[in-house]
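Biologist: I would be grateful for a close look at one part of this structure, with the criteria behind each term stated. Please then set a second local feature beside it.

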Amino acid sequence: MPSLIDIRRRIRSVRNTQQITKAMKMVSAAKLRRAQERVIASRPYGAALRGLLADVAAAAGSDERVAMHPLLARRPEQRVQLILITSDKGLAGAFNSNLIKSAQRFADEHKPAATDFLLIGRKGRDFFRKRAVPITGEHLGMAKVQYEDAAAIARKLVERFGNEEIDAVYLLYNEFKSVMAQRVTFAQVLPMELPKQTQPVDFIFETPPLEMLASLLPRYVEIELYRALLESAAAEHAARMTAMDAATSNAADMIETLTLYMNRVRQASITKEIIEVVSGAAAAE
């Protein structure tokens with residue numbers, strides 16, 4: 001049976017850990033609010049760009065050169081590129097492990113096609129660096145999402161796809177649904193699927209639709225990657241806040257259990273001392 005000193009020391013240790021997890025929860029909550037605002041602000045722009053693409057594609061639909069655009073070319077998938085977005089830090093529950101398992105399953109399902117990994121985030125990089133998988137790029141320290149970083153990555157992907165070094169590009173990330181829910185999401189970035197026009201409108205374009213389409217398609221790839229990074233950042237903070245909240249509650253339960261156990265040990269010690277005193281007095285008589 002541990003002594004009272006050992007139990008008090010353990011209670012003090014758990015209480016210190018509880019203070020740390022509570023502070024991390026509050027920090028994640030503050031970061032989540034800002035990240036959520038950026039996600040919500042980016043969604044209308046993405047929807048408007050998809051609508052514009054649909055209108056331009058409908059206007060240029062009669063031109064046979066649309067199907068010949070490099071970003072729309074469909075080829076047999078002999079080599080695919082997987083963009084995996086994980087976090088740089090842990091303590092976020094199953095946030096990273098679910099992504100890594102999904103990435104491994106993706107590579108297995110696409111065999112015999114070769115899968116190149118482009119890893120964004122330290123956790124995914126550290127895991128796959130120890131495995132025999134081809135890694136074509138590593139990007140760390142992207143917790144503060146900047147559009148310039150996403151655009152630079154997207155331009156390299158567009159260049160590789162246009163040079164036929166890869167036949168398809170897929171995106172794997174955690175989509176932010178709510179504070180309690182993050183969904184692992186697959187999205188095919190290249191070759192692109194042109195959105196369909198929901199309400200046909202006869203626009204008059206000053207610039208030829210084919211030129212507009214050639215300019216909008218690379219921008220659309222950049223926006224999709226940027227939006228995925230924003231979604232992943234918000235989902236990471238939400239997962240960490242939830243995990244730290246659960247850890248704080250578990251620490252409180254453990255402190256309560258240890259306190260109850262300490263009181264029982266102390267009561268047993270006092271009872272034993274009383275019995276020894278009474279027994280000694282009875283023997284003296």
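**Surroundings of an acidic side chain**

Modeller: The side chains of Asp167 and Arg75 form a polar contact at 3.1 Å, a term for a pair of N or O atoms within 3.5 Å, where within protein one must be able to donate a hydrogen and the other to accept it, and residues adjacent in sequence count only if both atoms are side-chain atoms. The model is predicted, with local features requiring pLDDT of at least 70 and side-chain atom pairs pLDDT 80 or more, whereas totals for chains, interfaces and linings use all residues. Numbering starts from 1 along each chain as its sequence is written, and side-chain values rest on heavy atoms, without hydrogens or water.

Asp167 is placed in the loop between helix 4 (147-162) and strand 4 (168-176); helices (H or I, at least four residues) and strands (E, at least two) are DSSP runs numbered from the N terminus. Its relative accessibility is 9%, so Asp167 counts as buried (under 20%; exposed is over 50%, partly exposed in between, with a 1.4 Å probe and protein chains only). Leaving aside residues up to four places away in sequence, Asp167 is in contact (heavy atoms within 4.5 Å) with Arg75, Pro76, Glu77, Gln78, Arg79, Phe161 and Pro191.

The second feature is a helix pair. Asn96, Ile100, Ala103 and Gln104 of helix 2 meet Lys123, Phe127 and Phe128 of helix 3.
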